[in-house]
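Please look at the sequence and the structure that follow, and then read the report on the helices and how they pack.

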Amino acid sequence: MQDERIIIEQVLNGNKNAFEELVVANQKNVYNLALKMTKNAEDALDISQEAFIKAYRNLQNFRGDSKFSVWLYRLTYNICIDFLRKKSKENVISLDYEDDSGTIAPIEIPDVKDLPEDSLVRKEVRRTIAQSIAELPQKHSEVLIMREVNSMSYEEIAETLLISVGTVKSRIARARVSLAEILVKKGTFPANYRHTE
């Protein structure tokens, strides 16, 4: 920790080359996190580079309350979340929801493949879903994106967010129901759609 703080002080005092030591010490973990969240090597590499650039530019904001690696980890995580939110606009998300009785049922997006305005309708559905996810509280939207868009396991999400698996499952369940309610109001789901309270 002391060595880390000395290096950071050197960087802040104008020794740009000293930052390379922080990169070397943390690049593997940063890349692995980005790869775990994006499931794509090129995207993970781009995000890793962006994370270190952002860390360098905002190094003066590092207060030293925790290790630099923890601060960098959270910064990388936030970049990944922003990336996945943008990516979600390009994907139709298939969701399941679980009611209080434990019954799991699919939330189906209307099948528009046979409509002549196929492309336009699909784009509109994707846009509506992405906008609706963005309307959810952050703690719900982030777990939904990680689970449904990125296919991360409950354990992986819990590890990334530093919360319990039970909390992850609870947030995902609430997020799915809330998203379904929003989509019903917007007319994306049929008006007779209901879920068990």
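Helix H2, which covers residues 19–38, bends by about 55 degrees at Asn26, where the bend is the angle between axes fitted to the seven residues ending at a position and the seven starting there. Helices (H or I, at least four residues) and strands (E, at least two) are DSSP runs, numbered from the N terminus. The model is a predicted one, in which local features need pLDDT of at least 70 and side-chain atom pairs count only at pLDDT 80 or more, while totals for chains, interfaces and linings use all residues. Residues are numbered from 1 along each chain as its sequence is written, and side-chain values use heavy atoms, with hydrogens and water left out.

Asn26 is also one of the buried residues of H2, a list that includes Phe19, Leu22, Val23 and Val30; buried means under 20% relative accessible area, with exposed over 50% and partly exposed in between (1.4 Å probe, protein chains only). After H2 comes Lys39, whose phi is positive, near 60 degrees.

In the protein as a whole there are 8 helices and 2 strands, and the elements run α-α-α-α-β-β-α-α-α-α from the N terminus on. Of its 197 residues, 39% count as buried.

Helix H6 (residues 138–149) is mostly covered, since 9 of its 12 residues are buried, among them His140, Leu144 and Met146. Its end C-alpha atoms are 15 Å apart, which agrees with the 16 Å that its 12 residues should span at 1.5 Å a residue, the expected span being 1.5 Å times one less than the number of residues. Just after H6, Ser151 takes a positive phi of about 55 degrees.

Two helices pack against helix H8 (residues 165–185), as the table shows; axes are lines fitted to C-alpha atoms, for helices over the stretch in contact, and angles run from 0 to 180 degrees between N-to-C directions.

| Pair | Angle | Axis distance |
|---|---|---|
| H6 and H8 | about 95 degrees | 9 Å |
| H7 (residues 154–161) and H8 | about 105 degrees | 8 Å |

The angle in the second row makes H7 roughly perpendicular to H8, a label for angles of 65 to 115 degrees. In this pair, Tyr154, Glu155, Ile157 and Ala158 of H7 meet Val165, Val168, Lys169, Ile172 and Arg176 of H8, with contact meaning heavy atoms within 4.5 Å.

On the other helix, the residues of H6 that meet H8 include Lys139, Val143 and Arg147, and their partners in H8 include Arg171, Ile172 and Leu179.

Terms used. Angles under 35 degrees count as roughly parallel, over 145 as roughly antiparallel, 65 to 115 as roughly perpendicular and the rest as oblique.
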